[in-house]
Amino acid sequence: SGKVIDFAHVDEFYAPHKGVNRHAVATNIYLELADGEMDDVAEEERALHQVSWKTRDEMIKEITHDNHRFVFDFAVSGGKANTWSGTLMNSGAFDTVSNEEAKKQITDSVGGRWVTKYKLRDWVFSRQRYWGEPIPLVHCEKDGVVPVPESELPVTLPEVEHYEPSGTGESPLANIDEWVNTTCPKCGGPAKRETNTMPQWAGSSWYYLRYIDPKNENALVDKEKEAYWSPVDMYVGGAEHATRHLIYARFWHKFLYDIGMVSNVEPFMKLKSVGLIFGEDGRKMGKRYGNVVNPDDIVREFGADALRVYEMFMGPFEQAIAWSTDGLVGTRRFLEKVARCAQRVTDAAVSDDLAVVMNQSIKKIGEDIEGFRMNTAVSQLMILMNALEKETEVPRVAYESLLRMLAPVAPFLAEELWEQLGHTTSIHLEDWPSFDAAKLTSGEVSIAVQVNGKVRGVLTCPQGTPEATVLALARGDQKIAPWVEKGSILRVIYVPDKVINIVLGGD
């Protein structure tokens with residue numbers, strides 16, 4: 001027996017077999033088996049699927065996507081309230097309303113008012129540890145707390161071979177007498193330095209300004225340089241950055257603006273959040289789970305470029321996704337194919353078919369990188385590489401275009417192969433290749449042929465081929481025809497130049 005779960009959920013995911021990001025609205029069905037017996041299935045289905053029995057707790061651990069875990073738990077045990085973003089249900093007058101809009105409607109309905117409050121978290125400006133910037137204060141028995149003169153800034157940490165906890169709750173610096181004991185800048189008498197150091201937020205709240213003018217010994221940043229380079233065009237960070245570093249940097253920057261040190265009231269023009277990478281078990285990486293992936297180990301085994309490419313390829317930039325070593329193996333093989341291809345480069349002319357793929361790739365990869373669609377950019381690089389592999393002789397102009405587009409994602413390999421081709425300047429100084437708009441299409445399209453919703457083959461046809469012709473070609477194709485002949489055609493669903501779905505009835 002079965003029942004339809006009375007709500008839908010929305011998934012956003014990357015389909016690697018199509019090289020596209022997808023937005024799917026799914027309705028779920030919960031089935032209960034009459035018994036544990038399994039009927040015979042066709043060989044092709046047996047090759048694709050196998051049955052295994054798992055407990056509810058085992059399933060919850062294996063289902064990594066929040067939506068899917070929620071639906072499964074709801075179907076099996078009644079679940080619990082969904083506390084993340086979505087559409088309200090079982091909520092009376094607020095059914096079908098998004099949670100963000102519902103907040104405002106519910107507030108209005110009870111006579112409330114919408115307010116925004118800000119809170120700086122963990123703003124205790126001292127740490128009891130050795131590392132960190134020393135706080136430039138001294139403690140004098142006569143004059144109390146006295147600031148270190150500007151001429152003596154910055155106060156630097158003492159260079160020691162080792163340091164130990166103080167045993168008193170104070171910073172380890174408290175034990176380093178030759179550093180702690182000093183003279184009072186005000187009276188000249190004996191004094192002790194402040195042994196607490198600044199938190200990590202201190203330096204990270206303004207480092208982006210110091211990058212503009214790192215060797216300036218007279219000011220935090222030269223005003224002309226700051227006015228030229230600021231503000232930062234794009235800030236990229238995860239959820240932790242949004243709740244900590246981004247808040248502190250803006251707080252700090254607005255103070256610098258108020259005292260005339262910077263020319264813009266905002267430090268960053270645009271924010272782009274990046275999704276977390278979970279462990280292979282679907283949980284957030286952590287020592288307690290034993291699922292941490294050490295990048296140094298990955299680099300030693302697969303190389304820095306393979307790691308870099310995989311992180312871009314594994315899914316949409318904003319989406320959280322689980323780590324997969326198998327996926328990393330795939331990107332390593334892709335890079336090996338690129339390297340091997342260098343041995344077949346000649347001055348051969350670019351064929352018409354290759355020209356289409358090359359120009360499509362230049363256009364798409366450039367647009368994808370600008371739009372932070374790194375996964376589909378890498379996918380298109382793989383498509384171009386596959387097209388080059390089919391060539392008896394690999395045209396230099398096409399291969400060099402591939403390398404120039406590969407350089408941002410695999411910088412070391414691209415530089416090495418560029419030099420092997422005889423270039424004496426870095427590939428990272430090269431311009432992005434330009435595409436010819438007249439060579440973006442070949443006049444042919446690939447049409448997926450589905451039989452009862454399952455893809456059974458692909459046809460290559462001229463653009464604009466009518467439904468009747470595509471159906472005839474499908475029925476005449478050696479691989480597709482046996483599937484079509486399994487029943488009578490009830491109807492045909494045709495999306496021009498993309499897909500044809502042949503719906504069969506019984507014999």
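Reader: In which loop is the place of Asn452?

Author: The model is predicted. Asn452 has a positive phi of about 55 degrees although it is not a glycine. Its place is in the loop between E13 and E14.

Reader: Does Asn452 count as buried, exposed or partly exposed, and why?

Author: The relative accessibility of Asn452 is 47%. Buried means under 20% and exposed means over 50%, with partly exposed in between. Asn452 therefore counts as partly exposed.

Reader: In what order do the strands of the open sheet with mixed pairing stand?

Author: Strands of a sheet pair through backbone hydrogen bonds, either parallel or antiparallel. In this open sheet of four strands the pairing is mixed. Neighbouring strands are turned by 20 degrees against each other on average, direction ignored. The order is E14-E13-E16-E15.

Reader: Which strands stand at the edges of that sheet, and why?

Author: An edge strand here has a single partner strand, so one side of it is left without a neighbour in the sheet. The strands in that position are E14 (454–462) and E15 (489–495).

Reader: Which residue in E16 does Val492 stand opposite?

Author: E15 and strand E16 (residues 499–504) run antiparallel. Six bridges join E15 to E16. Opposite Val492, in E16, stands Ile502.

Reader: At what angle does helix H18 run to E15?

Author: Helix H18 covers residues 467–476. It lies across strand E13 (444–451), E14, E15 and E16. Its angle to E15 is about 120 degrees.

Reader: What are the edge strands of the open sheet with the order E4-E3-E6-E5?

Author: This open sheet has four strands, with antiparallel pairing. Its twist averages 40 degrees from one strand to the next. Each edge strand pairs on one side only, and these strands are E4 (144–147) and E5 (181–183).

Reader: What is the bridge partner of His139 in E6?

Author: Strand E3 (residues 137–140) and strand E6 (residues 190–193) run antiparallel. Three bridges join E3 to E6. In E6, the partner of His139 is Lys192.

Reader: Which residue takes a positive phi in the hairpin of E5 and E6?

Author: E5 and E6 pair in the antiparallel sense over three bridges, and Thr183 stands opposite Pro190 in E6. The hairpin has six residues between the strands. The residue with a positive phi, near 85 degrees, is Gly188.

Reader: Does Thr96 count as buried or exposed, and why?

Author: Thr96 lies in the loop between helix H3 (66–77) and helix H4 (99–109). It has a positive phi of about 70 degrees although it is not a glycine. Exposed means over 50% relative accessible area. At 67% relative accessibility, Thr96 therefore counts as exposed.

Reader: What is omega for the peptide bond from Leu153 to Pro154?

Author: Most peptide bonds are trans. The bond from Leu153 to Pro154 is cis, and Pro154 is found in the loop between E4 and helix H5 (177–180). Omega for this bond is near -5 degrees.

Reader: Which residue does a cis peptide bond join to Ser230?

Author: The bond has an omega of about -5 degrees. The residue joined to Ser230 is found in the loop between helix H8 (223–229) and strand E7 (235–237). That residue is Pro231.

Reader: Are helices H13 and H15 roughly parallel or oblique, and why?

Author: Helix H13 (residues 325–341) and helix H15 (residues 374–389) pack at an angle of about 40 degrees, with their axes 11 Å apart. Angles under 35 degrees count as roughly parallel, and 65 to 115 as roughly perpendicular. The angle therefore makes H13, relative to H15, oblique.

Reader: Into which classes do the residues of the contact of H13 with H15 divide?

Author: Thr331, Phe334, Lys337, Val338 and Cys341 in H13 meet Leu381, Met382, Met385, Asn386, Leu388 and Glu389 in H15. By class, they are seven nonpolar, two polar and two charged.

Reader: Are helices H14 and H16 roughly parallel or oblique, and why?

Author: Helix H14 (residues 352–370) and helix H16 (residues 396–406) pack at an angle of about 20 degrees. Angles under 35 degrees count as roughly parallel. H14 and H16 are therefore roughly parallel.

Conventions
Residues numbered from 1 in each chain as written. Predicted model: local features only at pLDDT ≥ 70, side-chain atom pairs only at ≥ 80, totals over all residues. Heavy atoms only, no water. Axes fitted to C-alpha atoms, helices over the stretch in contact; angles between N-to-C directions. Helix = DSSP H or I, 4+ residues; strand = E, 2+ residues; numbered from the N terminus. Parallel < 35°, antiparallel > 145°, perpendicular 65-115°, else oblique. Contact = heavy atoms within 4.5 Å. Nonpolar A, V, L, I, M, F, W, Y, C, P; charged D, E, K, R; others polar. Pairing = 2+ DSSP bridges. Buried < 20%, exposed > 50% of the residue type's maximum accessible area, 1.4 Å probe, protein only.
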